[in-house]
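Here's a quick tour for someone meeting this structure for the first time. Take a look at the sequence and the fold, then read on.

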Amino acid sequence: MLFKEVIRPPLWLLAFIYFMFLSLVIAVWAALGNFSALITLIALTIALLAIAVTAKSEVRVTQDELVIGKAHIGVKYLAGVEILDKNAMRLLRTRDADPAAFLAIKFWMSTGVKITLNDPRDPTPYWLVSCKKGKELKSTLYK
């Protein structure tokens, strides 16, 4: 493995979700009592852990493949990598978006990369990927 970046949900987001879950626990406690509230608290805590695990994203580069989550493509089909700052990423997510593009974005990250493809059989023009280590990813792909 030449490059690996794991993008996890931030602590503030998990805390916000948990506080929303706690308000639900209070409502269950008020309506049904202590035991039901305890069961709800345990179930929602497990749900939060599941959210934290499933919301993560992984960007990996091996010798001949770029893997983002469950999607993968051969490095030979990549035409270029463009590092995007906050404004460029915002525009590509909204106004300048191509409906055929592959999106591997996380709303809590403001930077990323645009990976242009060069595969005549693939109608996808580019991959838009949330990434903190864009320069390192670009240098790994184009040594």
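## Helix 1 and its two faces

Start with the face of helix 1 that is turned away from its buried side: Leu 11, Trp 12, Phe 19, Ile 26 and Ala 30 are exposed there. Here, exposed means over 50% relative accessible area, buried means under 20%, and partly exposed is in between, using a 1.4 Å probe and protein chains only. Helices are DSSP runs of H or I with at least four residues, strands are runs of E with at least two, and both are numbered from the N terminus. Keep in mind that this is a predicted model, where local features need pLDDT of at least 70 and side-chain atom pairs count only at pLDDT 80 or more, while totals for chains, interfaces and linings use all residues. Residues are numbered from 1 along each chain as its sequence is written, and side-chain values use heavy atoms, with hydrogens and water left out.

Which residues of helix 1 are buried? They are Leu 13, Leu 14, Ile 17, Phe 21, Val 25 and Val 28. These cover an arc of only 115° around the axis, so they sit on the same side of helix 1; the arc is taken from the directions from the helix axis to the C-beta atoms. Helix 2 (34-54) is part of what covers them, with contact meaning heavy atoms within 4.5 Å. Just after helix 1 comes Gly 33, with a positive phi of about 105°.

## A four-stranded sheet

Further along there's an open sheet of four strands in the order 5-7-8-6, with mixed pairing. Strand 5 (78-84) and strand 6 (102-104) are at the edges with a single partner strand each, so one side of each has no neighbour in the sheet. Two strands count as paired if DSSP finds at least two bridges between them. Strand 6 pairs with strand 8 (residues 126-130) in the parallel sense, over three bridges, and Phe 102 stands opposite Trp 127 in strand 8.

Two helices join in. Helix 3 (residues 86-93) lies across strand 5, strand 7 (112-117) and strand 8, at about 125° to strand 8. Helix 4 (residues 134-141) packs on the sheet and touches strand 5 and strand 7, its direction making about 160° with that of strand 5. For these angles, axes are lines fitted to C-alpha atoms, for helices over the stretch in contact, and values run from 0 to 180 degrees between N-to-C directions.

## The hairpin

Strand 3 and strand 4 pair in the antiparallel sense over four bridges. Ile 68 has Ala 71 in strand 4 as its bridge partner. Two residues lie between the strands of this hairpin, where Gly 69 takes a positive phi near 65°.

## Inside the cores

The largest nonpolar core has 18 residues, and Leu 66, Ile 115, Trp 127, Val 129 and Leu 137 have the most contacts inside it. Such a core is a set of buried Ala, Val, Leu, Ile, Met, Phe, Trp, Tyr and Cys residues joined through side-chain atoms within 4.5 Å. Strand 7 gives the most to this core, with three residues. A second, separate core of eight residues includes Ile 17, Phe 21, Val 25 and Ala 37.

## A closer look at Leu 117

Leu 117 is in strand 7. Is Leu 117 buried or exposed? Leu 117 is buried, with a relative accessible area of 11%. Leu 117 and Ala 79 are 38 residues apart in sequence, yet 5.1 Å apart in space, C-alpha to C-alpha.
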